[in-house]
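Student: Could you take me on a close look at the place where the two chains meet, and then show me how each chain is built around it? I would like the cut-offs behind each term as we go.

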Amino acid sequence: MGEMVLLGDEALALGAIDAGISSAYGYPGTPSSEIMEYLLDYSEKNEGLFATWSSNEKTAYEEALGASFVGKRVLVTMKHVGLNVAADPFMNSALLDIKGGLVLAVADDPGMHSSQGEQDSRYFSAFARIMCFEPRNQQECYEMTREAFDISEMFHIPVMIRMVTRLAHSRAVVVPSTPRERNPLAKTDNPKGWMLLPALARRNWSSLLARQADFEKYTTETRYNPLTINRDFRKFGVITSGLGKNYYDEAKKELGSQPSHLHISAYPVPVVKVRELAAAVDKIVVIEEGCTFIEDYLCGYLPQPVEITGKKDGAVPLTGELNPDNIRGALGLAPREGLGTDMEIPGRPPQLCQGCPHADTYAALNEARESFDNSIVTSDIGCYSLGALPPYNAIETIICMGASVGTAKGAAEAGFEPVVAVIGDSTFLHSGISPLIDAVSCRTPMTLVILDNGTVAMTGGQKTILPSSRLQTLLEGIGVEPEHIRTITPLKKHHEENVGIFKTEMNYKGLSVIIALRECLETARKQKKAGGQK
Amino acid sequence: MKYDIILAGVGGQGVLSVAAGIATGAMLQGLKVRQSEVHGMAQRGGAVMSHLRLSDEEIPGDLVGKGNADMILSMEPLEALRYLEYLKPDGKLITASEPVVNIPNYPDEADIMSGVEATGAAVIVDAKTIARESGNMKAANMAMVGAASAYLPVEQSRIEEAIRNMFASKGDKIIEQNINAFKAGRG
């Protein structure tokens, strides 16, 4: 196979295919979604790969574990906050005797382009005491993913690939290598390695701790953690990770002497190499994408013989993503300036599409709220989060997937009324059902609004895990009173009727659910386009 | 040789198609290319920017530095001004003339145009009219690629080939409309 131009996400997916995966699971989330999109497309055109979206990141991770249990290589994908959802199986899987290679591709979003937080997944890899790769270009996405599968099977651990937005969504040339055969179906021959009964888990935990030295031996020897020492320049040395190296490589051309440099892209941190660098310099500049993961370890709690500078002392900004400009100060380079304008440029925030069904739902909800002295509307993660902005100003909380339901329940049970929770259909299926069962069991006086546009709109229109037609029976099945399950069509011509239904259900002193059912225009347009091409 | 471009516009205007047209043309010519895109929430009617870097040697980073862009190519005049700090003093500012007014505090159009003209040798393209005359309103972005192509280190024929590839699945009529818009944009 020749050169291909791929997004970072796609390069990772191709690396997994060529590493011989048999299965792939995930939940959509920017900037990780294109990994699974690529695999889904591949699995439609080729035999032997089972790829699918799951209800949420936890179910995806557990499904991936099943594939590993029977000896198959498997990729599981999610965004950084998705790993919070999958944290339970993830943390525990570090104690398993992983059989088929299991690689977790998790995409962080420094700068919060499309996320509610900036958390750095490398902490999760250290928390679980597993290994992590951090590629910095598309070729490395491909190669490190292949390497990660080998490492997973060599050390019998899950291995993390940490992506970031800028890499996930930039395109460059990738040169693939010869694909590897898929693993045969063969159940683990060590069932004790998969049963975390306390007695067995204690043994597995000790084993994991004992193997840390092996992991570090690998990260010390691997070509992915290159160290160059310049004995003639002691003033400062540099540690980079991830995309930090790309910006450093461009900036260092302006430095007179080339500093000693350690680039880290395989974790755990290769301590021997860090010490070697520290012995050769008076100061270490740390340029890492994300939080102060490496820097925290370097600084520790006690005074250091070597000065450490980076994000902790503000030499590099502590928040946001790295760029070619904000690393210059730490290297002693002068800022650069381009042209400017005296004009004040107003922001242009993202907004709901013209004709979006959510806009009509919010218009009706806002009008219904006017008939109450006070009310609460909690909301959730999706396109409809944009209802927080003018002209809607319709929602008051955005926390994490599914939180609208539980938060509304808590507020209602604390005595507030009326309380409304607004959640999208995919987010409801992801993690809104469990808190709704809580509300059924407590007969909580609240109204849940499910914005059912039949798709995972925000991340590009993926299919939801259940079709809209199943929502009604699902709600009845968990015990929501059928007469308080209402379906509305969010269109301007139904506005008055919809306002009336909102008011009625908000006045009801029990649990009610309103399904606002209308297809996402963007998804409909795409499907029409795709259909037209066939 | 290194040529850095900031592409700007409003979500939905086809900024990624502009990037793809130039990037593919540059690759057909044998140049190295890095193209950084914006996906997800930011796409929905908001300000969108993309970094496109062309070079005859390896390009380490995805992002263009401040004061380092050889060109700002914008689908919308206000968005052209948003990223001026990236433009080299002798860099080229190319923008479509048609504003997209989807915010309540959109500035006075005359102020925007004088801001654009204050940059020196700005190129203002009536991409909407060109698209209409080419018979396809969606071809405005290829008119902008055409306007840019006069200054890019990429041969016109390579970009035309890229455009033909991009629209290959859409049939000859769409291809020709886009090629016509490209040529008219180039002027």
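Tutor: Happily; here is the contact region, followed by the chains on either side.

A word on conventions before we start: residues are numbered from 1 along each chain as its sequence is written, and chains are lettered from A and ligands numbered from 1 in the order in which they are written. This is a predicted model, in which local features need pLDDT of at least 70 and side-chain atom pairs count only at pLDDT 80 or more, while totals for chains, interfaces and linings use all residues.

Now to the contact region. On the chain B side, 43 residues are in contact with 37 residues of chain A; a contact means that two C-beta atoms, placed from the backbone, lie within 7 Å. The elements of chain B that give two or more residues to this side are β2 (32-36), α2 (77-82), β5 (87-96) and α3 (109-117). These labels follow DSSP runs numbered from the N terminus, with helices being H or I of at least four residues and strands being E of at least two. Sorted by class, the chain B side has 17 nonpolar, 17 polar and nine charged residues. Here Ala, Val, Leu, Ile, Met, Phe, Trp, Tyr, Cys and Pro count as nonpolar, Asp, Glu, Lys and Arg as charged, and the others, Gly among them, as polar.

One of those elements, β2(B), also pairs with a strand of chain A: β8 (residues 170-174) of chain A runs antiparallel to β2(B) over two bridges, and pairing requires that DSSP finds at least two bridges between the strands. Within this pair, A:S170 stands opposite B:S36.

Let us step back to chain B itself. It has seven helices and six strands, arranged from the N terminus as β-α-β-β-β-α-β-α-β-α-α-α-α. The radius of gyration of chain B is 15 Å, close to the 16 Å that the globule rule gives for 187 residues, so chain B is as compact as a globular protein of that length. That radius is taken over C-alpha atoms, and the rule is 2.2 Å times the number of residues to the power 0.38. Of the 187 residues, 58% count as buried. Buried means 20 or more other C-beta atoms within 10 Å of the residue's own, exposed means 12 or fewer, and partly exposed is in between, with C-beta atoms placed from the backbone.

Across in chain A, there are 19 helices and 19 strands. Its radius of gyration is 25 Å, close to the 24 Å from the globule rule for 534 residues, so chain A is as compact as a globular protein of that length. In chain A, 52% of the 534 residues count as buried.

What about the interiors? The largest nonpolar core has 95 residues, and A:A24, A:V103 and A:A105 have the most contacts inside it. A second, separate core of 62 residues includes B:V48, B:A80, B:A131 and B:I163. Such a core is a set of buried Ala, Val, Leu, Ile, Met, Phe, Trp, Tyr and Cys residues joined through C-beta atoms within 7 Å.

Finally, some backbone details in chain A. A:H156, in the loop between α7 (138-155) and β7 (159-164), has a positive phi of about 60° although it is not a glycine, and A:H156 is buried, with 20 other C-beta atoms within 10 Å. The peptide bond from A:Y267 to A:P268 is cis, with omega near 15°.
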